[in-house]
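Biologist: I'm new to this structure and would love a close look at one part of it. Could you walk me through a single helix and what surrounds it?

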Amino acid sequence: MKSNLLSPPSRLRANLLPKLLFLFSAILSIVTTYYVTGHILDSDASSELVLAKQLAETGKILSSDWYYSTELRVVNTQLVYAPMFLLFHDWHLVRFFSALVMQAVYILSYGFLLHQSGFSRNSFYGSASLLLLPVSVTYGRIVLYHCYYMPHIIISFLLVGLFLGFASKKQLFSVKGGLRLFCLLALAFLGGLGGIRQLMITHAPMLLAVLLACIAEDFHNGKTDTPSLLSRQKLILLAVALLSLAAAFLGYKVYTGVFPRYYNFSSGYTNTDLG
């Protein structure tokens, strides 16, 4: 309502400012990424590149000749690093362009989440600008430039965005709704192939959010006879949340029960011993 009361020049400035801020953050991110990828390197980042180089040479996504630390990299940074080694021989350029690609997907997945949540484009431009800024050394170095955890954050953004689409009645029984459900379950399964992380940070909280939303709605409306959870809309949301949880758990069982037979990795979550 307030934006409608602004004069045309004021509205223009209000709409232009978030876009300019985003453009500034994007340019700054490109410059900073180029510097960091050429001057700051540690053993963790180096090992990710060596693994990707090996995968590029063998044409594989996973390596049975590599002992993975922490967890098996399935849907992870190697999917970007390895193809870059086929394009560039300079490791600095591999790191630089890989980081830019992952940052771009990071921002696009965030935009998808905000769009599904009903936020405006200006909200996206303003908040996405902050995602591209190294607001702390930890966030900048670990997430933005070394790209650790970025694939997991991207998957979480996409999963929640896909799930929120089912809050619309138009999405329930349609071809688009079926395609959305397929994408949600497929992505949930792929996320589970990387370990228990997505179950903990996305699927369990998503299911809990549905239950808490129903409790909050009942408390607000003073309902005591028929819980809102039993309404058609809420039951569908609950079913979708449970299905995505089940798909992720199935992927996790592949991670713990199948992958250890072929790949060497240790995980603090599973205590896998593959000696």
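Modeller: Happy to! Let's start where helix α4 touches helix α6: Arg95, Ala99, Gln103 and Tyr106 in α4 meet Tyr139, Leu144 and Tyr145 in α6. Sorted by class, the residues of this contact are five nonpolar, one polar and one charged. Please keep in mind that this is a predicted model.

There is a pattern to enjoy on the α4 side, where Arg95, Ala99, Gln103 and Tyr106 take part. An α-helix has 3.6 residues a turn, so residues three or four places apart point the same way.

Now for how the two helices are placed. Helix α4 covers residues 91–117 and helix α6 covers residues 137–145; their axes come within 9 Å and cross at roughly 95 degrees. An angle from 65 to 115 degrees counts as roughly perpendicular, so α4 is roughly perpendicular to α6.

Next, follow α4 along its length. With 27 residues at 1.5 Å a residue, α4 should span 39 Å, and this agrees with its end C-alpha atoms, which are 39 Å apart.

Both ends of α4 deserve a look too. At the N-terminal end, Asp90 acts as a cap, with a side-chain oxygen 2.8 Å from the backbone nitrogen of His92. At the other end, α4 is followed by Gly118, which has a positive phi, near 90 degrees.

So, as you turn the model, you can trace α4 from the Asp90 cap, past its contact with Tyr139, Leu144 and Tyr145 of α6, and on to Gly118, which follows the helix.

Terms used:
Residues numbered from 1 in each chain as written. Predicted model: local features only at pLDDT ≥ 70, side-chain atom pairs only at ≥ 80, totals over all residues. Heavy atoms only, no water. Axes fitted to C-alpha atoms, helices over the stretch in contact; angles between N-to-C directions. Helix = DSSP H or I, 4+ residues; strand = E, 2+ residues; numbered from the N terminus. Parallel < 35°, antiparallel > 145°, perpendicular 65-115°, else oblique. Contact = heavy atoms within 4.5 Å. Nonpolar A, V, L, I, M, F, W, Y, C, P; charged D, E, K, R; others polar. Expected span 1.5 Å × (residues − 1). Polar contact = N/O pair within 3.5 Å; in protein donor to acceptor, adjacent residues only side chain to side chain.
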